[in-house]
Amino acid sequence: LAQDNTFKIGLILPMTGQQATTGRQIEAAARLYMAQNGDTVAGKKIQLIVKDDTSLPDATRRLAQELVVNDKVNVLAGFGITPSALATAPIATQSKTPMVVMAAATSSITQASPYVVRTSFTLPQVSVALADWAPKNGIKKVVTLVSDYGPGIDAEKYFKERLIFNGGQVTEALRVPLRGPDFAPFLQKVRDAKPDALFVFVPSGAGAAVMKQFAERGLDKAGIKLIGTGDVTDDDQLNDMGDVAVGVVTSHHYSAAHPSALNKKFVEAFSKANKGLRPNFMAVGGYDGMRVIYEALKISKGQGGGDALLAGMKGQIFESPRGKMFIDAQTRDVVQDIYLRKVEKKDGQLYNVEFDVIKDVKDPGKAK
Ligand code: DHB
């Protein structure tokens, strides 16, 4: 077998189906990173192999297996939703292939394999900041509404624990199905319960439907505030959500409006390369994931071996378009600044405008 000089990255994403915006954002960001940084690293020619798992975990696992066995990829990457990441983790372990999780955000994913490295975020990491903000801003009684799977359950649990600690209460905890959810009956319940606020976690791509139903059911007129993790005011959809979104407060690790020079360059270049598309938090997870892979290849002096690459991924610190970012060598999870943001209209466009920051936040899910 001829030793060739390629370094293969198998990027598994939902390119079609309910989570397709995640795939579109991450693929575009990975290609932008390669266009900006070249496709030769430490003497190796980088080859990106993109596969569509349609966000079905059985497909993710099958594709990962084929990429490892047939294509002999050096790295697995992508993973749009938690079940896809969890289904693939045993393959990463068995084949000693680093698995860079660019999207999925349930706390426990990094514990499913010692070969997982995460460049997205975790739901506990972003939810706690909002539970600190809310009671100081007149929000004491909250109903939570989350997608009924890993990240939603993390968000519900960590938001609630911290809110209670701060003297608030969660009067009802509602869970909606991940696949094809109908938010209307749940929102009617919330309207009847009349809490100070509704806390929402839904995955990227579902926020616009929540916002529309929230307005149609008259929850805003009834004086109920909408708060949530930044997934609900996703930059991919935010601009089309209309005035109901204005004033919504969320906590998250990335906003396209983050006012750094590096982010301005990133947003401009991404938008230019993708017909005006605004990058969201998925894009930044993909962009930074490519950075982590490129640098690991350099640190390991072009060695494509899984253990050498993994060692090069651990402990990386760098400036991301989101702000400072750190891959904790112990947990292989991302440590980053978390921002409180409010949706504002500027020059006719809606943005998540950051108004406060909590520095260097580790995933609280790892402390237990
Ligand atoms: C997950 C998916 C999302 O689209 C998101 O915004 C957060 C978490 C997940 O499945 O882990």
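In which cavity does the ligand sit? Select the ligand first: in this predicted model, the ligand occupies the largest cavity.

**Stop 1: the ligand and its shell**

Display the residues around the ligand. There are 16 of them, and those that come nearest are T82, A105, Y149, S204 and D231. Colouring this shell by residue class gives 10 nonpolar, 5 polar and 1 charged residue.

**Stop 2: polar atoms beside the ligand**

Keep three of the nearest residues on screen, namely A105, Y149 and D231. Begin with A105, where a polar backbone atom is 2.8 Å from an oxygen atom of the ligand. Move next to the side chain of Y149, which places an N or O atom 2.7 Å from a ligand oxygen. Finish at D231, which has a polar side-chain atom 2.5 Å from an oxygen atom of the ligand. A surface display may then be added: the ligand taken alone exposes 290 Å², and the protein buries 100% of that area.

**Stop 3: the two domains**

Colour domain 1 (6-121 + 259-332) and domain 2 (124-252 + 338-366) separately. Both domains contribute residues to the shell around the ligand, so the ligand lies between them.

**Stop 4: the largest cavity**

How many cavities of 30 Å³ or more does a search of the whole structure find? The search finds 2. The largest cavity holds about 120 Å³ of space. Its lining comprises 18 residues, and G80, A103, Y149, F201 and M282 are the closest to the centre of the cavity. Y149 thus appears again, having been selected earlier as one of the residues that come nearest to the ligand. By class, this lining consists of 12 nonpolar, 5 polar and 1 charged residue. With the domain colours still in place, note that domain 1 (6-121 + 259-332) and domain 2 (124-252 + 338-366) each supply at least three residues to the lining of the largest cavity.

**Stop 5: the second largest cavity**

Which residues line the second largest cavity? Select D328, T331, D333, V334, V335, K362, D363 and K366 to show its lining. The volume of this second largest cavity is about 40 Å³. Colour the selection by class once more: the lining of the second largest cavity has 5 charged, 2 nonpolar and 1 polar residue.

**Closing view**

To end the tour, return to the ligand in the largest cavity, with domain 1 and domain 2 both giving residues to the shell around the ligand.

Key
Residues numbered from 1 in each chain as written. Predicted model: local features only at pLDDT ≥ 70, side-chain atom pairs only at ≥ 80, totals over all residues. Heavy atoms only, no water. Near = heavy atom within 4 Å. Polar contact = N/O pair within 3.5 Å; in protein donor to acceptor, adjacent residues only side chain to side chain. Areas by Shrake-Rupley, 256 points an atom, 1.4 Å probe, with all protein chains shown as cover. 1 Å grid on protein atoms, 1.4 Å probe; cavity = no way out; pocket = protein on both sides within 12 Å on 5 of 7 lines; lining within 4 Å. Sits in = over half its atoms within 2 Å of the grid points. Nonpolar A, V, L, I, M, F, W, Y, C, P; charged D, E, K, R; others polar. Domains from an automatic or database assignment. Points joined across faces, edges and corners; volume = space filled by probe spheres on them.
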